[in-house]
Amino acid sequence: MKYSFSLFFKTLALSFLIGAFILQQPTLAQDKQRYSSVKEALSKSSQLSGSNGPRNVNWIDDGNRYSYMEFNEETENMEIRAYDPALEEDELIFNSANHTFPKSDSTFEYSSFQWSDDSKYLVFQSNFRPVYRRSGISDYYLYSVEDGSLDLLVEDARTAELSPDGSKIGYERDGDLFVYDLEAQEETQLTNSAKEYFYNGRFGWVYEEEFGLAQAWTWSPDSKKIAYWQTDERHVNIFQMTDYSGQHPEYEKIPYPKVGDENPKVKIGVINVESGEQQWMDTPTDGYIPRIYWTADENKLATVHLNRAQNHLKLFFNDINDGERRLVMDEQSDAWIDVFDFFAGIDHLFFFPKDSKEFFWISDRNGWSHIYRYGYDGTVKNQVTNGNWEVTYVHTVDYRNNRIYYTSTEESPLERHLYSVNFSGRNKTKHTQTEGTHNISMGSDSKFYIDRYSNTSTPTQVELWSTRNGKLEVLEGNTSVEDFTEKHVYSPRELFSFTTSDGQKLDGYMIKPVDFDPNKKYPLVLNIYGGPSAQGVYNSWESGGWNQYLAQEGYVIVNVNNRGSGGYGSEFEKIVYKQLGKWEANDFVEMAQFMGDKSWVDSNRMAMRGHSYGGYMTTYTLFNYPDVFDVGIATAPVTDWRFYDSIYTERYMGLIENNKDGYEQSSSITHAQNLKANLLLSHSTMDENVHVQNTMQLLTELTGNGQEVDLQIFPPGAHGVAFNTASYYLLYTSYVDYLNRYLK
């Protein structure tokens with residue numbers, strides 16, 4: 001490691017260290033190594049976060065083993081290995097150094113892989129070319145664990161997956177579905193109707209982005225059929241973007257429905273992979289079909305329908321032989337209904353076990369997200385979990401032992417813990433004991449799980465557990481992180497709570513400056529996101545290099561779980577419905593005022609910084625509360641919800657014809673004339689998510705009012721704005737320079 005100390009400071013630091021050792025006193029902050037630049041702080045974030053233990057864990061062999069990736073220093077390649085917790089045996093599965101691309105001398109390379117259901121094969125995704133956030137085009141290879149063979153299966157496919165019985169691989173290419181028989185080595189085209197913006201087994205941008213799935217088809221459990229979405233975007237308005245490269249820039253075109261626009265039309269089909277026979281499911285033609293599920297009845301496909309406002313959910317069972325539908329469940333809400341949770345990393349809130357004709361659903365119908373158990377006739381057998389806390393993840397539905405394993409906020413909204421409970425809701429067990437935020441990876445049979453957890457005083461710990469016999473092994477203790485913080489300046493996250501002027505308790509964290517002196521006054525940076533269901537404050541280890549650099553430079557950094565955040569119940573979360581910005585901004589200002597009352601915070605030197613929804617909240621708050629913050633840094637901000645996509649926006653704002661005033665008041669542009677603070681705007685012209693139109697129209701409003709702001713454009717960037725390592729360092733350095741210019 002290299003540090004930019006002068007000889008004088010090196011000598012001085014060394015003398016302090018020797019003196020501290022002789023006196024057996026703790027090392028003081030002024031004796032520790034400091035970051036020489038923002039670039040160095042960001043590059044060393046990994047040393048602050050440490051290792052998460054086994055990489056890319058997949059539970060195989062019915063949950064009795066897990067595969068993981070590990071770097072082999074001898075071959076300088078990643079290996080795929082498998083570990084058996086019961087036998088304590090570790091096995092090498094695959095090392096790319098031992099394989100070349102078929103009919104080539106080039107070492108085999110891949111970006112990801114998936115296991116077959118029987119754990120006998122690996123399907124590798126190689127030559128990945130990204131398209132949207134979750135999707136891309138790849139070549140797919142099949143590796144046999146038994147004989148070590150590696151074969152090319154398909155080129156240029158968007159998605160591919162082995163059938164459950166391992167005999168075939170299905171894939172979508174150029175908007176049509178195909179299946180390849182491994183034994184016969186024959187490809188069969190299942191659909192042939194693809195056109196421009198018309199696809200079989202593929203989503204368009206808005207469905208993929210806002211409903212969270214990249215693969216628009218699924219194998220039946222018996223490997224005989226494929227159910228899929230057919231998507232028609234030919235009538236959807238086109239968004240164009242360019243990075244302005246070349247003499248004559250090319251424009252990328254994406255069907256992108258905005259608020260009130262026509263949406264993609266979707267149909268659900270089921271096709272027999274042997275006969276080629278196809279049956280369309282009878283589904284409503286309006287609204288959305290965000291999820292489909294194969295049920296334990298081989299002739300029934302569950303289809304989830306949401307109306308366009310996303311506050312009315314219907315679950316249908318469709319007979320795959322004639323497509324006829326039967327309404328199983330009907331749920332309505334005063335706000336919105338979720339079908340997945342992006343921030344919790346959970347793709348599904350419905351669970352259809354293959355072992356029994358019943359299903360489970362996570363719903364907040366009683367004000368808190370809990371698990372409900374249903375029969376196939378649509379009756380609620382029982383509410384499995386209950387209380388003033390939220391179920392955030394279901395890991396395993398274990399039918400052999402009649403138990404569900406789930407993560408919840410029962411201990412605290414700031415923590416996540418693993419529990420299990422009988423289907424009846426009785427005999428609940430808490431499996432995690434250490435305070436903090438636990439992230440669980442569990443096998444399908446619930447015998448074993450890997451627990452990754454941290455808290456404000458403990459870096460990430462990774463442990464292997466048995467649900468029956470307790471802790472088996474510490475996989476990663478991250479002592480290197482503790483060593484790093486012993487030698488380098490470090491400011492931990494401190495949790496606190498306060499009550500707003502209208503009586504709402506809010507949780508927050510602060511990071512105090514290095515060498516904190518309560519007799520000094522420090523500038524403050526409120527670093528936020530703040531969007532619906534998101535949560536910024538947890539009892540977890542602070543590992544942000546940028547935060548640590550700011551603390552080193554004498555800033556107080558704070559965040560808050562504002563109203564709208566997940567984890568606190570639907571009343572707290574859904575108060576933002578149809579009025580985005582209002583309560584979030586209120587809580588950010590209340591946080592600033594709470595901190596400003598402290599003797600060591602300078603209330604005349606406060607800044608807000610946010611990206612995406614956080615960029616929106618930065619502009620909205622600065623314009624609506626112009627006397628609170630002196631500086632705003634808004635990156636890739638939405639500035640008017642009428643410019644954003646239909647699915648996300650209408651979920652939280654309702655349909656525009658029913659909420660015109662709400663849309664007007666939730667727009668930052670509406671209030672831009674009130675700006676008093678110094679404002680830095682950053683955006684990319686290749687942002688397909690939050691279009692640069694948002695920043696440009698805000699600039700038009702501001703400059704038309706004679707108001708000057710600062711702007712930086714990163715043409716190639718996308719929604720992250722930065723487009724390579726150098727531009728990433730530049731972006732964050734510009735943030736610090738801007739704060740120093742106006743707050744120091």
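Val721 is buried in the predicted model, with a relative accessible area of 0%. Its phi is near 70 degrees, a positive value in a residue other than glycine. Val721 sits in the loop that runs between β43 (710–713) and α13 (725–743). A positive phi, of about 65 degrees, is also found at Ser223, which is not a glycine. Ser223 belongs to the loop between β14 (217–219) and β15 (225–232). With a relative accessible area of 3%, Ser223 counts as buried, the cut-off being under 20%.

The chain that holds these two loops comprises 13 helices and 43 strands. For 744 residues, a compact globule would be expected to have a radius of gyration near 27 Å, and the value for the chain, 27 Å, agrees with this. The C-alpha trace spans about 80 × 65 × 65 Å along its principal axes. Of the 744 residues, 58% count as buried. Among contacts between residues at least 6 apart in sequence, 56% join residues at least 24 apart. The area exposed by the chain is about 31300 Å², of which carbon and sulfur atoms supply 44%.

Charged side chains number 66 positive and 106 negative. The centres of the two sets lie 4 Å apart. Side chains of opposite charge can pair when their charged atoms come close. In the chain, the count of salt bridges comes to 33.

One of these salt bridges is formed by the side chains of Glu650 and Arg308, at 2.7 Å from N to O. Glu650 lies in helix α10 (residues 646–653), whereas Arg308 lies in the loop between β21 (300–306) and β22 (312–319), so the pair ties together parts of the chain that are 342 residues apart in sequence. Glu650 is buried, with a relative accessible area of 1%. Arg308 is partly exposed, and its relative accessible area is 22%.

A salt bridge also joins the side chains of Lys471 and Glu463, with an N to O distance of 3.7 Å. Here the lysine, Lys471, is partly exposed at a relative accessible area of 45%, while Glu463 is buried at 6%.

In a further salt bridge, the side chains of Glu542 and Arg493 meet at 2.8 Å, N to O. This pair links distant parts of the chain, 49 residues apart. Glu542 is placed in the loop between β38 (522–528) and α6 (545–552), and Arg493 in the loop between α5 (479–487) and β36 (494–499). Glu542 is buried, with a relative accessible area of 2%. Arg493 is buried as well, with a relative accessible area of 11%. Elsewhere, Asp61, Arg65 and Glu91 are joined into one network by salt bridges that share partners.

In the three pairs described, the acidic partners Glu650, Glu463 and Glu542 are buried. Of the basic partners, Arg308 and Lys471 are partly exposed, and Arg493 is buried.

Notes
Residues numbered from 1 in each chain as written. Heavy atoms only, no water. Helix = DSSP H or I, 4+ residues; strand = E, 2+ residues; numbered from the N terminus. Rg over C-alpha atoms; globule rule 2.2 N^0.38 Å. Buried < 20%, exposed > 50% of the residue type's maximum accessible area, 1.4 Å probe, protein only. Contact = heavy atoms within 4.5 Å. Areas by Shrake-Rupley, 256 points an atom, 1.4 Å probe, with all protein chains shown as cover. Lys, Arg positive; Asp, Glu negative; His and termini not counted. Charge placed at Lys NZ, Arg CZ, Asp CG, Glu CD. Salt bridge = Lys/Arg side-chain N within 4 Å of Asp/Glu carboxyl O.
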